[in-house]
Amino acid sequence: MKNITNRMWRPSIVGTALILSVPILTIVFSVFEPPGENWQHLKDTVLPEYLGNSLLLTFGVGAGTLLIGVSTAWLTAMCRFPGKSLFVWLLLLPMAMPAYIVAYTYTGMFDFAGPVQTTIRDWTGWRYQEYYFPQIRSMGGAISMLSLVLYPYVYLLGRSTFLEQSVGVMEVSRTLDCGPWTVFYRVALPLARPALVTGLSLALMETLADYGTVAYFGLGVFTTGIFRTWFGLGDYTSAAKLAALLMLFVFALIIMERFSRNKAQYHNSSGKLTRFSEYRLQGFKAWGAFAICAIPIFLGFFLPAAQLSLWALETWSDMVDDSFFELIRNSFLLGFGAALISVILALFLGYGKRMLPGKTTILSVRTASIGYAIPGTVIAVGVIIPFAWLDGRIDAFMQSSFGISSGLILSGTIVAVMFAYVVRFLAISLQTVESGLEKIKPSMDDAARSLGCLPRETLFKIHIPLMKSSTLTALMIVFVDVMKELPATLILRPFDFNTLAVRAFELASDERLADSSTAALTIVIVGLLPVIYLSKTISHSRLDQGNTEI
């Protein structure tokens, strides 16, 4: 039975990993292709701008997410102040708000023709250039928008780490007459450094992958450069080279995160995770903590959500028609289809890794799941090039053999879009499924084999029923991520095929911000589902932790 399993599962896992790595390999091999005139022109003119702006955006968002995420994580984990129990889960809400939607909303509110500046001019009588107002469509604006929606990555991992830190270490610090700031800076922060770097890396990967915000603000970064080179110059090779440079940024972040985790020199000296006696904040300090937690929630979720709701109430009668329901149908079909395929592949790869935990299997599974770290723009370029080549070979064969043209079978079809989604989001479902598999004791597998069950029977009859929660979580998260995905959809979608994200982007690009609100608000409402589920999970896990001593 073991030999049969090895002959069937291991080659299938390796083959799946190779297929899913085609987009990334395409980008890597593009580096070795001879450069053309366009590439030399890009190097001499806009490449330094792309590099500088990408670095500036990365450092700015990194500072913003760390400032918001670490401060709110520490306050909600270690301090007691008014509203703390609500802030624990409210601070997750900006995760439901895509950055490009926040960018559209703030532009509509704070641009020159928006209600805020219009009200200022009406009240004061000032005219254009007679007063100063921060420019929303700028690098600073993009950094602010991205920081407001990406800080929960740092907040989540930071708060979890602060809660899990040894109570003994904290109490010893107090006996040494260390105040809250000293305990935070000299004890808690060093202990939490690896987790914070991991959260920061995730936020920066999302920053480098963003297209909607930077494109709407007119910033020259790698993602916008890839689009301009692809659609403006029609140069696939130069676009692939830009994608390769962007991928180097991402790999640098991955290496930084791994290095920080492996080289961490701070460790808990105790295994006790009993409840820490929180710092009671009173007076000015308590309301200061309240403000620190409330401001990012208000700016990152409630304010843009309120503006979107107002716009939607004004325009829904014109925007909600048959074409809008077609957008919903397209978005839901793509989201559900990609989520279903991702979960099926995750079950196959995760269970294969459990059965055959060898180097080949582990390497193959890791290779298959690397796509989440790669921006959607890069994956789209890596998908369209080999698919277009394969379509050309199929068409040539059909014409030479049967005298007919096969047309586009892969590129420019839903097949290419779905493949890109699976490559991009498989890691999410795989991580969730593996987490569920780890909770099932190996003795269950042994018992199934002793009863004569084949591996697939063990998976479907035992493991999947025991992992209903993990499977549904993976489906839900991938579904919502596909609903929000913009750059890969823009590049790969079939002609005259739109989704809610694409429609919102098109309307906002045409300065029809109020008209884009209905599609944008629909995306936000759907995005709330995993956030609500995640908040409930955190609440239950914290409750269990409070009732358990390790």
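Angles under 35 degrees between two axes count as roughly parallel, over 145 as roughly antiparallel, 65 to 115 as roughly perpendicular, and the rest as oblique. Keep that scale in mind for the helix pairs on this tour of a predicted model.

**The whole chain**

Start with everything selected and coloured by secondary structure. You should find 24 helices and two strands. Now switch to colouring by accessibility: of the chain's 550 residues, 53% count as buried. If you have a contact map open as well, look away from the diagonal. Among contacts with a separation of 6 or more, 83% are between residues 24 or more positions apart.

**First stop: H17 and H18**

Select residues 376-402, which form helix H17, together with residues 414-438, which form helix H18. Their axes are 10 Å apart and the packing angle is about 135°. On the opening scale, an angle that is not over 145 and lies outside 65 to 115 falls among the rest, so H17 and H18 are oblique to each other. The crossing of H17 past H18 is right-handed.

Next, show side chains where the two helices touch. On the H17 side, pick Gly 376, Ile 379, Val 383 and Phe 387. Their partners in H18 are Val 415, Ala 416, Phe 419, Ala 420, Val 423 and Arg 424. Sorted by class, this contact has eight nonpolar residues, one polar and one charged.

**Second stop: Arg 424**

Stay in H18 and centre the view on Arg 424. Is this arginine buried or exposed? Arg 424 has a relative accessible area of 6%, under the 20% cut-off, and is therefore buried. Show what surrounds Arg 424: beyond residues up to four places away in sequence, it touches Glu 206, Ala 209, Gly 371, Tyr 372, Ile 374, Pro 375, Gly 376, Ile 379 and Glu 485. Gly 376 and Ile 379 are familiar from the H17 side of the helix pair.

**Third stop: the nonpolar cores**

Now for the interior. The largest nonpolar core has 157 residues, and Phe 81, Met 97 and Leu 492 have the most contacts inside it. Select Leu 492 and display its surroundings. Apart from neighbours within four places in sequence, Leu 492 is in contact with Ala 380, Val 383, Ile 384, Gly 412, Thr 413, Ala 416, Val 417 and Ala 420. Val 383, Ala 416 and Ala 420 also take part in the meeting of H17 with H18. A second, separate core has five residues, including Trp 9, Tyr 351, Met 355 and Leu 459.

**Fourth stop: H4 and H12**

Hide what you have and select residues 47-78 (helix H4) with residues 222-233 (helix H12). The two axes come within 9 Å and cross at roughly 150°. That angle is over 145, so H4 and H12 are roughly antiparallel to each other. In H4, show Leu 47, Tyr 50, Leu 51 and Ser 54; in H12, show Phe 222, Gly 225 and Arg 228. This contact divides into four nonpolar, two polar and one charged residues.

**Fifth stop: the loops around H23**

Move on to the loop between helix H22 (487-492) and helix H23 (500-509), where you will find Thr 499. With a relative accessibility of 4%, Thr 499 counts as buried. Leaving out neighbours within four places in sequence, Thr 499 contacts Leu 327, Ser 331, Leu 334 and Thr 489.

Asp 496 lies in the loop between H22 and H23 too, but Asp 496 is exposed, with a relative accessible area of 68%. Check the backbone here: what is the phi of Asp 496? The value is positive, near 60°, in a residue other than glycine. Most residues other than glycine have a negative phi.

Step over to the loop between H23 and H24 and select Glu 511. Glu 511 has a positive phi as well, about 65°, and counts as partly exposed at 45% relative accessibility.

**Last stop: two pairs to measure yourself**

Pick Ile 532 in helix H24, residues 513-546. Ile 532 is partly exposed, at 41% relative accessible area. Draw a C-alpha to C-alpha line to Ala 96: the two are 436 residues apart in sequence and 9.5 Å apart in space.

Finish at Thr 458 in helix H20, residues 455-466. Thr 458 is buried, with a relative accessible area of 2%. Its C-alpha lies 8.9 Å from that of Met 444, a residue 14 positions away in sequence.

Note on methods
Residues numbered from 1 in each chain as written. Predicted model: local features only at pLDDT ≥ 70, side-chain atom pairs only at ≥ 80, totals over all residues. Heavy atoms only, no water. Axes fitted to C-alpha atoms, helices over the stretch in contact; angles between N-to-C directions. Helix = DSSP H or I, 4+ residues; strand = E, 2+ residues; numbered from the N terminus. Left-handed = near helix turned anticlockwise from the far one by under 90°. Contact = heavy atoms within 4.5 Å. Nonpolar A, V, L, I, M, F, W, Y, C, P; charged D, E, K, R; others polar. Core = buried A, V, L, I, M, F, W, Y, C linked by side-chain atoms within 4.5 Å. Buried < 20%, exposed > 50% of the residue type's maximum accessible area, 1.4 Å probe, protein only.
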